[in-house]
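Q: Please take a close look at one loop position in this structure, beginning with what it touches. Then follow the account outward to the other parts that help to place it within the whole.

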Amino acid sequence: MSADSVTAPSAGLGSEYAVTASAAYRSALEVIESVEPRIAAATRQELADQRDSLKLIASENYASPAVLLTMGTWFSDKYAEGTVGHRFYAACQNVDTVETLAAEHARELFGAPYAYVQPHSGIDANLVAFWAILATRIEAPELAELGAKNVNDLSEADWEKLRAKLGNQRLLGMSLDTGGHLTHGFRPNISGKMFYQRSYGTDPQSGLIDYDAVAAAAREFKPLILVAGYSAYPRRVNFAKMREIADEVGATLMVDMAHFAGLVAGKVFTGDEDPVPHAHVTTSTTHKSLRGPRGGVVLATEEYSAAVDKGCPMVLGGPLSHVMAAKAVAFAEARQPAFRDYAQNVADNAKALAEGFNKRGARLVTGGTDNHIVLLDVQSFGLTGRQAESALLDAGIVTNRNSIPNDPNGAWYSSGIRFGTPALTSRGFAADDFDRVAELVVETLRNTQPASGPNGPSKAKYTIADGTAERVHAASSEMLTANPLYPGLEL
Ligand code: PLP
């Protein structure tokens, strides 16, 4: 395809800039090549591989060339610890412009009173939120009681008392096997070491969140923080109900919308399903359904804003100014009317994918979806998640294995495959394409058998019937060619 034969539909990936972006990338790669040619080669290869695979990882997407190019600048060279107008370094006037604009776009996009755009990732955004809540609810009243202005004024003994108090607070979040995230108080993550944690699950029959059960758990456990949000729950959450529960027990409601922020920004989730008006603190990544650069953001009510603003240096290293700039560009894109169409398509396409599985007899957790995630129980194919993930990859279908509720195979091998529609929707895939994707997945898994290793049955080994991977790959290549990634971009 020549650089000016830009005919394929663009779903927001900037095909109108293809010719200029091609020139920019060609020049950049030439410069990189002169220093470390293997990095230039890997960069070229990554684009080729992404162009040639059905990317169904629910947490991934494709950012626009405008967002990607914004990250490659000298803002990367600047230290800017602190926040706008209150830096620990000199000469931050341009970073101030960037951070101010990114925060302004985020506030407007989500209708939030306050936005903090420095977190380097979703994990960091959650850490900022946790410590802002602890600072507001535990540290500040303790300092006031002791008549101290800040922690440095405390005696050694009072400081030890406060540290013990900060480290012994309660957090209630969604269980991992029903879709919660490691950062919601689970032991392998720092949050599990910080908090005394309990989790709520889903109804064993419907697979849906049972709000009465969440309320009962909250009444019994009395958490300081109630966390809502997920990374593998294929349904919407009623955040108004979550706030009622939090208010009843005096908890702070923190919503982690890392996965579905694009559906909030695109006004697919409104009213009770929009977390921002209900949560005290809302955190997110910027690179999943929101389609921005790899990073995080925290939104907060006025009550928590001063503490969130201290995220750096409280838990964050110096801000990545080049990424904050790219966040500003991505938020500006998400404020365009076209992003609403994109977000609606993401949700419609997930429904089409789920229907495609259902009509072919595959079992889905909760029976379907009403967000961007479809969670397939691969026990119905006699496979573990690990076997299914590997077989699909052989056929050019990129997914990730995931636990399902009460998973008999644990988190490593698991029994589920999580699919998401944000990335392929960005390429322009429509509902009928997703039905075909379901067909290809089912064809691959039906032709995959568990296999044994040297020590007997294995949860990782598998065989695929001859020709299946090649046939499926060829069929998916046709769809990928019809919906090119970065149409017109030539390196
Ligand atoms: N929160 C949720 C709900 C997530 O799904 C994820 C990532 O998968 C994160 C936080 C962490 O994001 P990051 O990988 O950017 O740290």
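A: Leaving out residues up to four places away in sequence, Pro405 is in contact with Asp177, Thr178, Thr202 and Val365. The model is a predicted one, and what follows should be read as a description of that prediction. Pro405 is located in the loop that runs between strand 14 (400–402) and helix 16. Its relative accessibility is 30%, a value between the 20% limit for buried and the 50% limit for exposed, and Pro405 therefore counts as partly exposed.

The next loop position to consider is Ser414. Ser414 is placed in the loop between helix 16 (410–413) and strand 15 (416–420), so that helix 16 borders both the loop of Pro405 and the loop of Ser414. Ser414 has a relative accessibility of 0% and therefore counts as buried, whereas Pro405 is partly exposed. A polar atom in the side chain of Ser414 lies 3.4 Å from the backbone oxygen of Asn402. Beyond its neighbours up to four places away in sequence, Ser414 touches Thr384, Gly385, Arg386, Arg401, Asn402, Ser403, Asp407 and Asn409. Asn402 thus appears both among the residues that Ser414 touches and as the partner whose backbone oxygen is paired with the Ser414 side chain.

Another point of reference is Glu142. The C-alpha atoms of Pro405 and Glu142 are 40 Å apart in space, and their positions lie 263 residues apart in sequence. Glu142 belongs to helix 5 and, at 7% relative accessibility, is counted as buried because this value is under 20%. Apart from residues within four places in sequence, Glu142 is in contact with Lys161, Leu162 and Lys165. From Glu142 to Ala48 the C-alpha distance is 56 Å, with a separation of 94 residues along the chain.

Helix 5 also leads to the ligand. Comprising residues 122–145, helix 5 contributes three residues to the shell around the ligand, the largest share. In total 13 residues surround the ligand, and the closest are Gly122, Ile123, Ser231, Asp256 and Lys288. By class, the shell consists of three nonpolar, eight polar and two charged residues. Several polar pairs link the ligand to side chains. An N or O atom in the side chain of Asp256 is 2.6 Å from a nitrogen atom of the ligand. An oxygen atom of the ligand is 2.8 Å from an N or O atom in the side chain of Lys288, and an oxygen atom of the ligand is 3.3 Å from such an atom in the side chain of Ser121. Of the 390 Å² that the ligand exposes when taken alone, the protein buries 84%.

Helix 9 (residues 239–249) offers a view of how an element is covered. Its buried residues are Phe239, Ala240, Met242, Ile245, Ala246 and Val249. The cover over these residues includes strand 6 (195–200), helix 8 (211–221), strand 7 (225–229) and strand 8 (252–256). At the start of helix 9, a side-chain oxygen of Asn238 comes to within 3.1 Å of the backbone nitrogen of Ala240. Just after the helix, Gly250 adopts a positive phi of about 75°.

A further buried position is Thr444, in helix 18 (residues 431–446). Its relative accessible area is 0%. Not counting residues up to four places away in sequence, Thr444 touches Ala391, Leu392, Ala395, Ile397, Thr468 and Val472.

These parts belong to a protein with 19 helices and 17 strands. The radius of gyration is 23 Å, close to the 23 Å that the globule rule gives for 491 residues, so the protein is as compact as a globular protein of that length. Its C-alpha trace spans about 75 × 55 × 45 Å along the principal axes. Of the 491 residues, 55% are buried. Among contacts with a separation of 6 or more, 74% are between residues 24 or more positions apart. The protein exposes about 20,600 Å², of which carbon and sulfur atoms supply 52%.

Conventions. Residues are numbered from 1 along each chain as its sequence is written. This is a predicted model: local features need pLDDT of at least 70, side-chain atom pairs count only at pLDDT 80 or more; totals for chains, interfaces and linings use all residues. Side-chain values use heavy atoms; hydrogens and water are left out. Buried means under 20% relative accessible area, exposed over 50%, partly exposed in between (1.4 Å probe, protein chains only). Helices (H or I, at least four residues) and strands (E, at least two) are DSSP runs, numbered from the N terminus. Contact means heavy atoms within 4.5 Å. A polar contact is a pair of N or O atoms within 3.5 Å; within protein, one must be able to donate a hydrogen and the other to accept it, and residues adjacent in sequence count only if both atoms are side-chain atoms. A residue is near a molecule or strand if one of its heavy atoms lies within 4 Å of it. Accessible areas come from the Shrake-Rupley method with a 1.4 Å probe; for residues, only the protein chains shown count as cover. Ala, Val, Leu, Ile, Met, Phe, Trp, Tyr, Cys and Pro count as nonpolar, Asp, Glu, Lys and Arg as charged, and the others, Gly among them, as polar. The radius of gyration is taken over C-alpha atoms; the globule rule is 2.2 Å times the number of residues to the power 0.38.
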